[in-house]
Amino acid sequence: MSNDGNGQTFSKMNSSLKENLLDRMRNTHQSSERNRMARSERELPAPPRRRQSRFEDLPEYKQVLTQKFASEQLGIANPFYRAHQTAAGATTVIDGRTMINFASYDYLGLNRHAHVLDRARDTIGNFGISASASRLVAGERPVHVELEEKIARFYGVDAAVCFVSGYLTNVAAISCLMGPKDLVIHDEFIHNSALAGIKLSGATRRLFKHNDATDLEHVLRTVSGEYRHIMVIVEGIYSMDGDVANLPALLKLKAEYGFWLMVDEAHSLGVLGRQGKGLAEHFGVDPHEIDIWMGTLSKTTSSCGGYIAGSEALAAVLKASAGGFVYSVGLAPVLGASAVASLDILEREPERTAALRRNGGLFLKLAKEAGLDTGLSGGFSVVPVIVGDSLRAVQLSNDLLAAGVNVLPIIHPAVPEGLARLRFFITSDHTEDQIRRTVALTAERLKDLTERNFGLGGVDIEQMLKALSAR
């Protein structure tokens with residue numbers, strides 16, 4: 001009997017301890033959160049019974065079906081999700097055919113480099129594949145620190161912090177550093193990941209005309225309201241257009257108006273500057289003058305993930321407070337090691353960056369001579385060929401694939417209708433013959449499509465709408 005009594009007493013004590021713990025956890029919430037919950041729990045009139053939408057009824061899904069049906073009616077194959085049967089670089093294999101490839105971020109040809117593969121194999125042997133936990137609790141590995149220190153040294157700044165995704169890097173960093181009392185001003189063509197980070201932060205958002213320092217100054221001059229922090233975000237090389245941010249003009253404005261400058265170097269690390277150190281080296285600027293360097297590990301460094309580089313304080317804040325770091329699994333050790341190995345090669349072999357610059361310059365020169373519209377491109381890692389019509393851009397991509405060249409279209413809504421394009425990613429491994437052949441084929445196939453008026457202008461929209469409504 002006494003044992004039963006002790007058991008009941010222990011059970012009651014355990015229950016009481018649990019209740020106390022739950023109360024303490026609940027009390028850690030801010031009062032505003034408690035008030036919000038209380039408001040949501042008030043007695044309200046019963047709402048009318050609502051019908052839950054099906055995903056099949058969403059306008060976004062209907063748009064997908066419409067595009068698919070239109071492509072089928074016009075006999076245009078879907079150019080996206082082409083499966084590569086080998087590591088894709090300057091060449092690739094699709095459907096058993098070896099192709100000239102201009103759809104790879106492997107700018108310096110390091111994805112299959114012996115040093116990168118050896119380092120990856122050794123790391124897998126020691127650490128397996130996954131970090132298996134957030135770095136804060138159990139996922140820290142020596143290669144994480146090694147990579148962050150190497151990135152910081154490469155940039156010539158104090159510290160760096162790595163994330164598991166390039167997209168997540170912008171989302172996590174911006175939403176951590178900025179809040180509802182802050183202002184973010186960005187180039188109108190900034191990457192979607194930055195826009196997602198701004199939205200999550202709750203900061204006020206303004207934009208300025210693409211790569212236009214005069215318009216940025218106008219925005220800065222006309223800012224109304226008291227903001228705690230102001231951040232300006234640009235890209236080193238713009239991923240859609242291939243032009244370079246005007247860093248000297250941005251720094252001049254920074255000195256006058258006082259803001260944090262964030263530079264997204266996803267497409268410029270390893271590309272700009274004699275040693276591939278990016279935008280600061282390209283313009284001969286002290287990298288400490290830029291507050292936040294951001295970049296991805298999936299392009300020049302042949303891995304996956306992203307990084308922020310800058311001051312020790314910046315890195316410390318992100319490691320302590322950025323949700324995408326604190327609550328996310330650590331970067332896979334093999335990916336960290338591969339990025340370190342790629343940076344080793346970039347430091348030892350700056351001639352790879354020089355070869356990329358030559359190839360990009362040659363592609364741009366030949367494309368212009370062939371009458372192709374290359375837009376704003378500076379002839380570095382990205383050279384667009386603007387086609388205009390989205391359907392024509394898709395068909396041009398398919399025609400080039402049939403001729404042995406893999407390059408993907410960028411169409412509406414990723415770019416405005418009328419500015420659809422093929423986006424050529426240049427690498428250091430492309431040969432002069434591959435570049436000459438590709439430019440000639442592109443000009444030839446585009447001329448044929450234009451003369452045939454292939455595209456939206458040649459589609460009987462009324463007939464197509466009738467066919468769609470009959471489905």
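This is a short tour of one predicted model, going from a sheet to two buried residues and then to some aromatic rings.

**Stop 1: the sheet.** Select 382-388, 408-410 and 420-425. You're looking at strands E10, E12 and E13. They make an open, antiparallel sheet in the order E10-E13-E12. E10 and E12 are the edge strands; each has a single partner, so one side of each has no neighbour in the sheet. From one strand to the next, the twist averages 35°.

Now zoom in on E12 and E13, which pair through three bridges. Pick Leu408 and you'll find its bridge partner in E13, Arg423. Then add residues 390-402: that's helix H16, lying across E10, E12 and E13 and running at about 35° to E13.

**Stop 2: Asn406.** Select this residue in strand E11 (residues 405-406). Is Asn406 buried or exposed? It's buried, with a relative accessible area of 0%. Show its surroundings and you'll see contacts with residues including Arg82, His84, Phe102 and Leu401. With Arg82, the two side chains make a polar contact at 2.8 Å. Try Thr92 as well: it is 314 residues away along the chain, yet the C-alpha atoms of Thr92 and Asn406 are separated by 8.3 Å.

**Stop 3: His430.** Move on to the loop between E13 and helix H17 (432-451), where His430 sits. His430 is buried too, at 4% relative accessible area. Which backbone oxygen does the His430 side chain reach? That of Asn101, at 2.7 Å. Among the other contacts of His430 are Ala90, Asn359 and Phe425.

**Stop 4: the rings.** The structure has eight aromatic pairs. Start with Tyr105 and Phe425: their ring centres are 5.1 Å apart and the planes meet at 85°, so this is an edge-to-face pair. Tyr105 is in the loop between E2 and H4 while Phe425 is in E13, so the pair ties together parts 320 residues apart in sequence. Colour by accessibility, and Tyr105 comes out partly exposed at 33%, while Phe425 is buried at 6%.

Next, take Phe163 and Phe325, with centres 6.0 Å apart and planes at 75°, so they are edge-to-face. Phe163 is in strand E3 and Phe325 in helix H13, 162 residues apart. Both are buried. For a cluster, select Phe102, Phe363 and Phe424, which are linked by ring pairs.

**Last stop: charges over rings.** Go back to Tyr105 and add Lys299, whose charged end sits over the Tyr105 ring, 4.4 Å from its centre. Finish with Lys277: its charged end sits over the ring of Phe154, at 5.6 Å from the centre.

Definitions and conventions. Residues numbered from 1 in each chain as written. Predicted model: local features only at pLDDT ≥ 70, side-chain atom pairs only at ≥ 80, totals over all residues. Heavy atoms only, no water. Pairing = 2+ DSSP bridges. Helix = DSSP H or I, 4+ residues; strand = E, 2+ residues; numbered from the N terminus. Axes fitted to C-alpha atoms, helices over the stretch in contact; angles between N-to-C directions. Contact = heavy atoms within 4.5 Å. Buried < 20%, exposed > 50% of the residue type's maximum accessible area, 1.4 Å probe, protein only. Polar contact = N/O pair within 3.5 Å; in protein donor to acceptor, adjacent residues only side chain to side chain. Phe/Tyr/Trp six-rings, centres within 6.5 Å; stacked < 30°, edge-to-face > 60°. Lys NZ or Arg CZ within 6 Å of the ring centre and 35° of its normal. Lists of a residue's contacts leave out its neighbours within four places in sequence.
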